[in-house]
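Reader: Hello! I would like a close look at a single part of this protein, the sheet and what surrounds it. Could you walk me through it in one go?

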Amino acid sequence: MDVRIGEILPTPRHGKPVEINAYWYNALCIMDEFVGMLQKPDRKKAVSDYAKMARQTKQSFREKFWSAKLNCLKDVISGTAADEQIRCNQIWAVSLPFTMLDKEQERQIVDTVFEKLYTPYGLRTLDPADAQFHGKYGGSQMERDLAYHQGTVWVFPLGAYYLAYLKTRDYEKKALQKVVRQLKTLESALGEGCIGQLPEIYDGSRPSFSRGCFAQAWSVGEILRVYGSIQNAALTDRHIIV
């Protein structure tokens, strides 16, 4: 969310953004696993510096980012009103392999994101109830930039949302079937704009016609990742869905 128009920052997120901290925690956990893999078998496993930092990060994250009032995570820790804006960035704190929250908190995040930000074509970048919400992406370059991350629907985060949803439902059969049904809505998007492709963005209020880049690789890649996860669930015989 890095748009800048001269000295104007349409989406200022100074401070500690939620998704950056989620990725940092995952990096620490992954490095700790590497340490374990590289240790000699005959030596007693010591607690690595990465594991210590991960524990500290997890404790601090849970204390500072969780909002019982919002039933989700704060978007940023900055001491400003931006902290409690409901944005899609928090979904990566659930979808990533290593998470810092308990299962009930993760479910609440997924439910809040669905209620406030979900559309069949992507996730809104800001809650429509927010005073800064821009429901239409269009007009001059400045008008488009002001709306770009202020409510505009992005296809890309939809992949993380579906993976987070399946994860918090333990890949149950009903959950898998629900995601498959919802993904079918995107089939119509393949025939609009660039044939056989998914676009970058849609309007925040009425996401029906594609905007921005009409063939966006990360939009396609994230949806393929969801399909891959569903197929893997079937192949591992967790659940067979038809």
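Author: Happy to; what follows starts with the sheet and then moves outward to its neighbours.

A word on the source: this is a predicted model, in which local features need pLDDT of at least 70 and side-chain atom pairs count only at pLDDT 80 or more, while totals for chains, interfaces and linings use all residues. Residues are numbered from 1 along each chain as its sequence is written, and side-chain values use heavy atoms, with hydrogens and water left out.

Let's begin with the sheet. Its 5 strands are arranged in the order β5-β6-β7-β8-β9, forming an open sheet with antiparallel pairing. The edges are taken by β5 (118–119) and β9 (210–211); each has a single partner strand, so one side of each is left without a neighbour in the sheet. Strands here are DSSP runs of E with at least two residues, helices are runs of H or I with at least four residues, and both are numbered from the N terminus. Two strands pair if DSSP finds at least two bridges between them. As background, strands of a sheet pair through backbone hydrogen bonds, either parallel or antiparallel.

Now look at β7. Strand β6 (residues 122–124) and strand β7 (residues 153–154) run antiparallel and are joined by 2 bridges. Leu123 has Trp154 of β7 as its bridge partner. The other residue to look at in β7 is Val153, which is buried, with a relative accessible area of 0%. Buried means under 20% relative accessible area, exposed means over 50%, and partly exposed is in between (1.4 Å probe, protein chains only). Not counting residues up to four places away in sequence, Val153 touches Thr119, Tyr121, Gly122, Leu123, Arg124, Glu200, Ile201, Tyr202, Asp203, Gly204 and Pro207. Contact of this kind means heavy atoms within 4.5 Å. Gly139 is 14 residues from Val153 along the chain, and their C-alpha atoms are separated by 17 Å.

Trp154 leads us to the aromatic side chains. The structure holds 13 aromatic pairs. The rings of Trp154 and Trp218 have centres 6.4 Å apart and planes at 35 degrees, so this pair is tilted. Since Trp154 belongs to strand β7 and Trp218 to helix α8 (residues 217–235), the pair ties together parts that are 64 residues apart in sequence. Rings of Phe, Tyr and Trp (its six-membered ring) pair if their centres lie within 6.5 Å; planes under 30 degrees apart count as stacked, over 60 as edge-to-face and the rest as tilted. Trp154 is buried, at a relative accessible area of 8%, whereas Trp218 is partly exposed, at 44%. Both belong to one aromatic cluster that is formed by Trp92, Tyr137, Tyr148, Trp154, Phe156 and Trp218.

Next comes helix α8 and its packing. The axes of helix α7 (residues 173–183) and α8 come within 11 Å and cross at roughly 145 degrees. These axes are lines fitted to C-alpha atoms, for helices over the stretch in contact, and angles run from 0 to 180 degrees between N-to-C directions. The crossing of α7 and α8 is left-handed, a term used if the near helix is turned anticlockwise from the far one by less than a right angle, with right-handed used if clockwise. From α7, Leu176, Val179, Val180 and Leu183 meet Ile223, Val226, Tyr227, Ile230 and Ala233 of α8.

Helix α6 (residues 156–168) is mostly covered, with 11 of its 13 residues buried. Among them are Pro157, Leu158, Gly159 and Ala160. After α6 comes Asp170, found in the loop between α6 and α7. Its phi is near 55 degrees, a positive value in a residue other than glycine. For comparison, most residues other than glycine have a negative phi, and most peptide bonds are trans. Asp170 counts as partly exposed, at 46% relative accessibility.

To finish, let's return to the sheet and the loop between β5 and β6, where Pro120 lies. Pro120 is partly exposed, with a relative accessible area of 31%. Leaving out residues up to four places away in sequence, Pro120 touches Leu158, Thr185 and Leu186. Leu158 is one of the buried residues of α6.
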